[in-house]
Amino acid sequence: MLSRVANSIYWMARYLERADCVARFIDVNTHLMLDLALDQYSAQWYPLVATSGDDEDFTRRYKQADERAVVRFMTFDQSNPNSILQCIFRARENARTVREVIPVEMWEKINELYHLTQSQSRKRSVADLADYYKEVRQSGHLFTGLMHNTMSRDMGWQFAHLGQMLERADKTARLLDVKYFLLLPHNDVWKDSAYDAVQWGAVLKSVNALEMYRQQFHTTNYKDVTEFLLFSRAFPRSVQFCLEDAAAALETLTGDKAKLSMASREMTTLCKTLHSSDTSHIISAGLHEFIDIFQANLNLVDEAIYETYFKL
Amino acid sequence: MRPQHNGHATLTLETYKTDGFYDELFSDDGVAHPSARPLIEQIDTLSRGELKRRQKLAENILYQSGNTFNVYGDKKGTEKILPFDIIPRMVSARDWAKLERGIAQRITALNLFIQDIYNDQKILKDKIIPSELIFSSACYLKPCEGLKPPKGVWTHISGTDFVRDGDGEFYVLEDNLRCPSGISYVLENRAVLKRIMPAAFHTLKIRPVSDYGDHLYKTLRHIAPDGRDDPNIIVLTPGIYNSAYFEHAYLAQQMGVPLAQGSDLVVENDVVYMRTTAGLKQVDVIYRRIDDEFLDPQIFRKESLLGVPGIMGAYRKGNVALANAPGTGIADDKAIYAYVPKIIKYYLGEDAISHNVPTYICEDDKEREYVLANLDKLVVKAVNLSGGYGMLIGPKSTRAEQKEFARLIQAKPREYIAQPTLSLSRAPTLIGNGIEGRHVDFRPYSLYGEEIFTLPGGLTRVAIKKGSLVVNSSQGGGSKDTWVLADEAETN
């Protein structure tokens, strides 16, 4: 497969997954703020920006981090490379360069989502957007469904799957990190387990994990949610699950080459970061610090994939 | 036999006016050609609202398929499709059979001509064509001298432009031997009509076009270098910003082959490779959609970033095949076009089956004099331009425009030819709330591999503007699906 094409498929899948995850982030915050019964002045939207890692860009261009500004920034801001609009635009541009290798329906789905985004971006009201976020998430499901049901398991699929899994691992980890940035006016509310359950319930819901989680753990608390979203071998959005899938895709791509590729080596390191810890250890040493290291290693994998497959 | 109307707002094509033009579906006001009757009857059963609804549906399908272009200067990223008209154009089995023979004859002769021009130049030595005309042509490529393409074929893919005059005869306007675009519209338009007018396909015997990808692949495989049993065939595109990018991707997809850009390819020791995830992989056949002059910066335009440095060396060595071969543009020069009947006679000893439009060569003193005296009646064309650019339509031009062209012709006579203004045929077209006649042309697509194959269909371009004779998409033209009918005697 052409290196350029492999690169585009990988990023097409990553950007679509990213758009999907950003929609989930906004969703989780909306529900959280409603459940905590915070009025619009004390509602916290900045943590969302901080979690996304684009806080510098945001503070430079926006005066205050209210709902309207944050939603705008993360959804339709042309200058934010990680806004949903930009992610979908880039997914489409990438899809456009690989149209000859992806099924027509996949291209049409992305194209449709792009046109929907274009027309929605002209709307001003935040309240109107719930349906749009739902549409973005549904499109994510449809896209993945098309990928799994209509693409041969050849290199194109492996690169798409690899991109999607790495992006999802990154975003699930960031989602877990959201609590670190939440600075509520009354710190003691977090000692109240009722609020804890509410908060983590919203997080689980945003990754469609609430039902699956409950079957395993029954009640929502910090430690179990962290355990579930980091280490579940069964739940397809957990970091562990995504990494195993990504590693398998890389293994298939490497084939039976005797020498391990740079990408495979970095992938092994990343998996080790995760395996060498357990939930109690991570929580006592600081979840935020752990996720920082994890993300740095994830970036190394991405760079190594570029070096191994796309650079030529 | 007139269709029965059921009273509510049908379009009543009974009132359709041909206005004295040759019409592709009607033989007289309100009277359909016998072969078009099943279609017209069906359209007549549809209400205005229903016809408009289907038109909208067709546009939506095309829009969603993504064959769109950006509206110039629109920052919101508005995209548009090329105008499409849902009423198809039809070509009878009889007309088609003649067109097919005419095209095969032309392409055969033109291939022999190009081979001769870049090698022995017998036709010049025999003074059939003046040598100055060849060597003064911007389309004559010196680097192609001595080239002998694999299997002797230069023009693997071509799209002959025809128009029908008031007498009902088809005339060749252009041969388009330099990888013409538009075939994706032929296939897409058909896919759309099968969805929005399925009933018509049951009553009429319409020849299918969907196997074009198979034919194209076989044509390309045929020219693979000897010994490459499982050749690596690719499509080469200038890239995503080219206006025909959709088509390039579409054709790669139809054949299931890689779509490469110049930067994906590299030449080492006269062998072309593509950069893959598993290292360099040899390329055997390239269907290139990059113009000759941008193909190889070592040979042609030095500043070209689209091409592949060294590709011509690999081609000359026979290590890679190119479709089409570079240099074919010489036979597209509109002054050379005037000689095609003589070219056919010279190489094949036959009279031309498809007719040329009479052409005045401005380089010739006598003919130029006539052209200058009759600018208000003639169509003047630049010899090396297409797409409706560099053109004067005499009867529709202003005095000032005629003066400007007189100046251009006198300054550079070799650059211009002139032809009588044809009375282009029309076809019924959905306009506003009614159906009116609009001028059309016709471009069937041919492949020259083991044999010459012309896809039974083609691109019908329609000038949407009332009275306009310019069908080019760059000038506001749209397209229609084209139904070539199977011979009743053959199929029954």
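So, one term before anything else: I call a residue buried if 20 or more other C-beta atoms lie within 10 Å of its own, exposed if 12 or fewer, and partly exposed in between, with C-beta atoms placed from the backbone. Helices and strands are DSSP runs, H or I of at least four residues for a helix and E of at least two for a strand, numbered from the N terminus.

And some housekeeping. This is a predicted model, where local features need pLDDT of at least 70 and side-chain atom pairs count only at pLDDT 80 or more, while totals for chains, interfaces and linings use all residues. Residues are numbered from 1 along each chain as its sequence is written, and chains are lettered from A and ligands numbered from 1 in the order in which they are written.

Okay, let's start with strand β9 of chain B, residues 233-237. 5 of the 5 residues of β9(B) are buried, so the strand is largely enclosed by the rest of the structure. In a regular strand the side chains alternate between the two faces of the sheet. Here, Ile233(B), Val235(B) and Thr237(B) point one way, Ile234(B) and Leu236(B) point the other way, and all are buried.

What does β9(B) pair with? One partner is β14(B), parallel, over 4 bridges; I say two strands pair if DSSP finds at least two bridges between them. If you want a spot to click on, Val235(B) sits opposite Tyr287(B) in β14(B). Another parallel neighbour is β10(B), residues 259-261, joined to β9(B) by 3 bridges. There, Leu236(B) has Ala260(B) as its bridge partner. To get from β9(B) to β10(B) the chain goes through α9(B), and this β-α-β crossover is right-handed; that is, with the strands pointing away from the viewer, the path from the first strand over the helix to the second runs clockwise.

Now helix α8 of chain B, residues 212-222. Its buried residues are Tyr212(B), Leu216(B), Thr219(B), Leu220(B) and His222(B). Seen down the axis of α8(B), they fall within an arc of 160°, so they line one face of the helix; the arc is that of the directions from the helix axis to the C-beta atoms. And what do they pack against? Among others, β9(B), α9(B) and β14(B), which we just met.

One more bit of chain B: the hairpin of β7(B) and β8(B). These two strands, residues 161-164 and 170-174, pair antiparallel over 4 bridges. Arg164(B) stands opposite Phe170(B). There are 5 residues between the strands, and Gly168(B) has a positive phi near 85°. Both faces of β7(B) are covered, with Asp161(B) and Val163(B) buried on one side and Phe162(B) and Arg164(B) buried on the other.

Also have a look at the peptide bond between Ala323(B) and Asn324(B): it's cis, with omega about -10°. Asn324(B) is in the loop between β15 and α12 of chain B.

Moving on to the big picture. The largest nonpolar core has 223 residues, and Met12(A), Ala19(A) and Ala246(A) have the most contacts inside it. By nonpolar core I mean a set of buried Ala, Val, Leu, Ile, Met, Phe, Trp, Tyr and Cys residues joined through C-beta atoms within 7 Å. Helix α1 of chain A, residues 3-35, gives the largest share, 17 residues. Domain 1 and domain 2 of chain B both give residues to this core, so it lies between them. Those domains are 105-156 + 210-348 and 358-420, with bounds from an automatic or database domain assignment.

Leaving out residues up to four places away in sequence, Ala19(A) touches Ile84(A), Cys87(A), Ile88(A), Ala91(A) and Val136(A); a contact is two C-beta atoms, placed from the backbone, within 7 Å.

Staying in chain A, is Glu167(A) buried or exposed? Glu167(A) counts as buried, because there are 26 C-beta neighbours inside 10 Å. This residue is in helix α8 of chain A, and touches Arg14(A), Glu17(A) and Arg18(A), with the same sequence neighbours left out.

Last, two backbone oddities. Asn208(A) isn't a glycine, yet has a positive phi of about 55°; Asn208(A) is in the loop between α10 and α11 of chain A. His218(A) also has a positive phi, near 70°, and is exposed, with 8 other C-beta atoms within 10 Å.
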